[in-house]
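Q: Could you help me learn to read a model like this one? I would like to go from a single residue to the larger layout.

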Amino acid sequence: MKVLDRGLDADVVKSDEYERLVAGGWLIPTSVAGLLNLTYKFETAVARLQATLTAADPSGSPGPLWCPPVVPTASVQRGGYAESFPQLLGSVHTQGGDPHGGDEAAAGNLAGPTDVVLTPASCYAIYPQVADSTLAEPVSFDLLGHCYRQEATSEVGRFRSFRQREFVVIADDGYARQWRDEWLARGEELLTRLGLTVEVQTANDAFFGPTARLMRASQKQQSLKYELVTRLTADDPGTAVASANSHKERMGKRFNISLEQGGPAHSACIGFGLERITLALIHVHGDNLADWPDSL
């Protein structure tokens, strides 16, 4: 394929690994770092991965709820993401001027932000559904959506636009922690069964706001966030392809979700990065889908 010769920015397609993925028929880069066109072949692999994740859910989910690529700005603000990572958040603006009025200068100006932003994480679509309520029993969700993070980099696997399969639970502290731990073990077993060499690592969680930097050591001591790390390329020291998180009562307080027995609800989630996991599978199993394991 001569896609690399069609005026694309050399900084965008600069690695041998990207060129190999293009030559292998998996993706077509754009002129923007972190934004890729994914081929039918790549999507075939993603569809197989999706079916594997659906089968792994013990709740018997028939499949994920698809979340839109935009989410109300009010939901993200209420959840605290805008406080934690404003530099990663993508806003949606309208264009000023009348496109039919011939005022080209005015038409090129941004009129201002709309009431939505690009979705940073799928779970921001569901917390408002249970906001300002009291739970008599745990509630769980199986979600899928396009997410956006403003990270302009050509590093393989670090996408600006990507898909996240996310399982979420809202319950009391003990239930949410046990759910998270069980999903962490399930996720490690699943990825290992698919042929990946996975390492579980502790990390700090972005959900805890602008003070997260000061809380990193405490978060790790409390084991609030774990990442499943594997290699996407031969030179990759390890990239997180999934994370299992305990939010404690943060989101319960933010969205005023209470427990019937009293106190704010706790929440936990596990998110699987579909593009990253697929890249890891390509690295391990090669370019011929026919050679991939039967579990996929």
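Q: Is Glu19 buried, partly exposed or exposed?

A: Happy to help, and keep in mind that this model is predicted. The general idea is to look at the relative accessible area: buried means under 20%, exposed over 50%, and partly exposed lies in between. Glu19 has a relative accessible area of 36%, so Glu19 is partly exposed. You will find Glu19 in helix α1, residues 16-23.

Q: How much of the chain counts as buried?

A: Of its 296 residues, 47% do.

Q: Which secondary structure elements does the chain have?

A: There are nine helices and 14 strands.

Q: In what order do the seven strands of the open sheet come?

A: To read a sheet, follow the pairing from one strand to the next. Here the order is β3-β8-β9-β14-β12-β11-β10, with mixed pairing. At the edges are β3 (65-67) and β10 (199-203), each pairing on one side only. On average, neighbouring strands of this sheet are turned by 25 degrees against each other, direction ignored.

Q: How many bridges join β3 to β8?

A: Three, and the two strands run parallel. For a landmark, find Leu65, which stands opposite Leu143 in β8.

Q: Which strands does helix α2 touch?

A: Helix α2 (residues 40-56) packs on the sheet and touches β8, β9 and β14. Its direction makes about 10 degrees with that of β9.

Q: And which strands does helix α6 lie across?

A: Helix α6 (residues 173-193) lies across β9, β10, β11, β12 and β14, and runs at about 15 degrees to β14.

Key
Residues numbered from 1 in each chain as written. Predicted model: local features only at pLDDT ≥ 70, side-chain atom pairs only at ≥ 80, totals over all residues. Heavy atoms only, no water. Helix = DSSP H or I, 4+ residues; strand = E, 2+ residues; numbered from the N terminus. Buried < 20%, exposed > 50% of the residue type's maximum accessible area, 1.4 Å probe, protein only. Pairing = 2+ DSSP bridges. Axes fitted to C-alpha atoms, helices over the stretch in contact; angles between N-to-C directions. Contact = heavy atoms within 4.5 Å.
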